[in-house]
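Here are my notes on this one, as numbered points. Have the sequence and the coordinates open while you read.

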Amino acid sequence: MLRLEYTSGQVEFVRTDSQWQARSGPLTYSDVYGGEDFDARLYPEGWDQSGFSNSSGRGDGAAGTGRSPDGLSGAGWPIRVIESFTPVAQQEIEPGVIVYDFGQNAPLMPRLKVAG
Amino acid sequence: MKGDVVKIIPAELRKPSGEIDDPLCGGKSFWTYTLAGKEDETWTPKFFYRGARYLQVELRPAETNGPAPRVISMVADVVHAAAPATGTFQTSNELFNRIFTLVRWAQRGNMMSVLTDCPHREKLGWLEQDYLNGPALRYNFDLNPLFGKIVNDINDAQQPDGLVRALRRNTRCSVGMAICSFVSRRSGAVRSSRLHGNNSCSPAILIWRAVTTTA
C-alpha cells in the first residue's frame with residue numbers, strides 16, 4: 001500500500017486489488033537476522049514494462065483490506081546509502097575464499113560485481 | 001556461469017589465520033547471490049544489513065570442479081537513517097576526538113527505523129536506547145522525524161489500560177513518558193510529531209498516569 005500526500009493536503013491510498021498480478025521473484029529469502037538470498041535466474045525480465053506477459057505468474061494480486069492503516073510507523077527518516085567503502089585490504093585465504101577488510105565497523109550492505 | 005553462487009559472510013573480527021571471526025552470530029547470517037549467467041552482474045541486497053568490518057566471500061561454481069565465479073569488485077555501502085548531521089565535536093586533545101569518532105560510529109550503526117541496541121545479533125528497539133542515548137544523539141543529528149515515529153510506535157503498542165507492552169509498568173514504562181517529554185522540549189512542538197495527528201503524546205501519558213496512580 002502507498003500513501004500519497006499532495007501539497008494541497010489531500011491524502012490518497014493506492015492498494016493492491018484483484019486487477020494486480022503476482023508471482024514469486026528472485027528474492028528467495030530475507031530475514032532481519034538471517035540475511036538475504038537473491039537468485040538472479042528467477043528475475044522476470046521486463047516485469048516493469050508495459051506489455052509484460054506474466055505467463056508463469058498468478059492472475060490475482062492480494063486484495064487490500066479496504067480500510068486506511070492505523071498509525072504511520074514508516075514515517076521516520078528513510079534508510080539510505082550514506083557513504084561507500086572500498087576495501088583497504090583483501091586476502092584469498094584459500095582457493096575461492098576471499099576476505100575483504102573495509103577498515104571500519106559499520107552497518108553494511110555489500111555491492112557486488114561478479115562474472116561467471 | 002548460470003547457477004554459480006557467491007556467499008558473503010559479514011564479521012566484525014578476523015582470526016590470526018585470516019578467516020573471519022563472528023562469535024556473536026556464528027557466521028549464520030549471510031547473503032547469497034546466484035548468477036543468472038550474464039557477462040557480468042551487479043547486485044546489492046534490498047533489506048538485510050549488518051554491522052561488520054570484514055566480508056568473507058565464498059565463490060562456488062555451479063558444477064562440481066567447474067570454474068568458480070570471479071569477483072570484479074566488492075564495495076561496502078554504509079546504510080542508516082538519512083538524518084542530517086547537525087553537530088560535531090573537536091578539541092586539541094586527540095583522545096577526546098577519537099572517543100567522539102567512536103561514539104559517532106556507534107550512533108550511526110544503530111540509527112535505523114528504530115534506534116537499535118546493536119547492528120548484528122539483536123537489532124532491537126529497546127526504549128532505553130531512545131531515552132538514555134536520545135539526548136546525545138540529538139546533539140549530533142536532526143532526529144525529529146525519527147523520534148516522532150518512535151513515539152507513534154509507543155502509542156501503537158500501548159494497551160488500552162495504559163501499559164506499554166513488553167516493559168515493566170512501574171520502572172521502564174516511565175521511559176515512554178520521558179521520551180515524549182524531551183521530544184516536545186527539543187523540537188518546540190506541543191505534539192510529538194506533525195505527522196501523527198491525534199496520536200500525540202498527551203493521551204498516552206494521561207492514560208499511563210491513570211494506570212500508575214490507581215495500581
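1. Terms first: helices (H or I, at least four residues) and strands (E, at least two) are DSSP runs, numbered from the N terminus. Read that way, chain A follows the pattern β-β-β-β-β-β-β along its sequence, which comes to zero helices and seven strands.

2. Some housekeeping. This is a predicted model, where local features need pLDDT of at least 70 and side-chain atom pairs count only at pLDDT 80 or more, while totals for chains, interfaces and linings use all residues. Residues are numbered from 1 along each chain as its sequence is written, chains are lettered from A and ligands numbered from 1 in the order in which they are written, and side-chain values use heavy atoms, with hydrogens and water left out.

3. Chain B has six helices and seven strands. From the N terminus on, its elements run β-β-β-β-β-β-β-α-α-α-α-α-α. An automatic or database domain assignment sets the domain bounds, dividing chain B into domain 1 (5-60) and domain 2 (94-214).

4. How much of each chain is buried? Buried means under 20% relative accessible area, exposed over 50%, and partly exposed in between (1.4 Å probe, protein chains only). Buried residues make up 47% of the 215 residues in chain B and 26% of the 116 residues in chain A. For accessible surface (Shrake-Rupley method, 1.4 Å probe; for residues, only the protein chains shown count as cover), chain B comes to about 11000 Å², with 54% belonging to carbon and sulfur atoms. Chain A comes to about 7400 Å², with 48% on carbon and sulfur.

5. Next, contacts, meaning heavy atoms within 4.5 Å. Take those between residues at least 6 apart in sequence: in chain B, 66% of them join residues at least 24 apart. For chain A the figure is 35%.

6. What do the two domains of chain B share? Seven residues of domain 1 of chain B are in contact with six residues of domain 2 of chain B. Buried area here is the accessible area (1.4 Å probe) that two parts lose on being put together, summed over both. By that count, domain 1 and domain 2 of chain B bury about 600 Å² between them, 66% of it on carbon and sulfur atoms. The rule finds zero salt bridges across this interface (a salt bridge being a side-chain nitrogen of Lys or Arg within 4 Å of a carboxyl oxygen of Asp or Glu). It does find three residue pairs in polar contact, both at pLDDT 80 or more. A polar contact is a pair of N or O atoms within 3.5 Å; within protein, one must be able to donate a hydrogen and the other to accept it, and residues adjacent in sequence count only if both atoms are side-chain atoms.

7. Now the interface of chain B and chain A. The contact takes 80 residues from chain B and 53 residues from chain A, and the two chains bury about 6500 Å² between them, 59% of it on carbon and sulfur atoms. In chain B, R53(B), D77(B) and V78(B) lose the most area to chain A, together 11% of what that side buries.

8. On the polar side, the rule finds four salt bridges across the interface of chain B and chain A. One joins R53(B) to D101(A), with the closest N and O atoms 2.9 Å apart. There are also 40 residue pairs in polar contact between the chains (both at pLDDT 80 or more). Which element gives the largest share of the side of chain B that touches chain A? That is β7(B), with twelve residues.

9. Three residues to click on. E58(B) lies in strand β6 of chain B and counts as buried because its relative accessibility is 16%. The side chain of E58(B) makes a polar contact with the side chain of R60(B) (3.3 Å). Leaving aside neighbours within four places in sequence, contacts of E58(B) include G96(A), V97(A) and V5(B).

10. T34(B) sits in strand β4 of chain B and is buried, at 9% relative accessibility. Beyond four places in sequence, T34(B) is in contact with residues including F38(A), D39(A) and G3(B).

11. G34(A) is in the loop between β3 (27-31) and β4 (35-39) of chain A. At 14% relative accessibility, G34(A) also counts as buried. Neighbours within four places aside, G34(A) is in contact with Y29(A), K28(B), S29(B), F30(B) and F48(B).
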